[in-house]
Amino acid sequence: MNYLFTICGRAGSKGLKSKNISDFDGIPLVYYTVGIMSKVIERLKAEGHSAHAVLSTDSLELANIISRQNVLEILFLKRSEELSGDRVAKVTVIKDALIRAEKNYDCK
C-alpha cells in the first residue's frame with residue numbers, strides 16, 4: 001500500500017500569527033510533526049509499504065525551516081496562488097499534493 005503524509009502550511013495565517021514557523025521550547029513547532037511522521041513512515045516501510053512526506057506551502061520561511069531538518073525526506077511542493085487563500089478548503093490542497101506527489105514518485 002502507498003501512503004502520503006502532508007504538511008500544509010500557508011503563509012499569512014490569520015488565526016495564530018506565524019504558527020507554522022514558531023518555536024515551542026526552542027524547537028520549530030513543525031519539527032514535532034516531522035518527528036511523528038518519521039516514526040510512522042519508518043514503521044510502514046518496515047512493514048513493506050511505500051510512504052512519503054510532502055510539504056505544500058506558499059511560505060518560503062516554512063520551506064526553509066523544513067529543509068534544515070535531517071530526520072525525514074520531505075518533498076517541497078510550492079503552492080499555487082489559487083490554493084494560497086484563506087478560503088481554500090484544506091481537502092483541495094491535499095488533493096493537489098496527492099496528484100503532484102503521485103507524479104513525482106511515479107505511483108498511484
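I began with Ile27, which is partly exposed at a relative accessible area of 34%. I note that the model is predicted. Ile27 sits in strand E3.

Next I looked at what surrounds Ile27 on the surface. Ile27 joins Phe24, Leu29 and Tyr32 in a nonpolar surface patch of about 360 Å². I checked Ile27 against the patch cut-off: its 34% relative accessible area qualifies because patch residues need over 30%.

I then took two other patch members in turn. Phe24 has a relative accessible area of 51% and is exposed. Tyr32, at 35% relative accessibility, is partly exposed. The two labels differ because exposed requires over 50%.

I looked up aromatic pairs and found one in the structure. Phe24 and Tyr32 form this pair, with 5.8 Å centre to centre and 70° between the planes. I recorded the geometry as edge-to-face, since planes over 60 degrees apart count as such.

Backbone angles came next. Asp25 is not a glycine, yet I found a positive phi of about 60° there. I placed Asp25 in the loop between strand E2 (23–24) and strand E3 (27–28). Its relative accessible area is 70%, so I entered Asp25 as exposed.

I made a second entry of this kind for Asp106. Its phi is positive, about 50°, although Asp106 is not a glycine. I located Asp106 in the segment after helix H3 (90–105). Asp106 has 71% relative accessibility and is therefore entered as exposed.

Conventions
Residues numbered from 1 in each chain as written. Predicted model: local features only at pLDDT ≥ 70, side-chain atom pairs only at ≥ 80, totals over all residues. Heavy atoms only, no water. Helix = DSSP H or I, 4+ residues; strand = E, 2+ residues; numbered from the N terminus. Buried < 20%, exposed > 50% of the residue type's maximum accessible area, 1.4 Å probe, protein only. Patch = residues over 30% accessible without salt bridge, like charges linked within 9 Å, V, L, I, M, F, W, Y side chains within 5 Å. Areas by Shrake-Rupley, 256 points an atom, 1.4 Å probe, with all protein chains shown as cover. Salt bridge = Lys/Arg side-chain N within 4 Å of Asp/Glu carboxyl O. Phe/Tyr/Trp six-rings, centres within 6.5 Å; stacked < 30°, edge-to-face > 60°.
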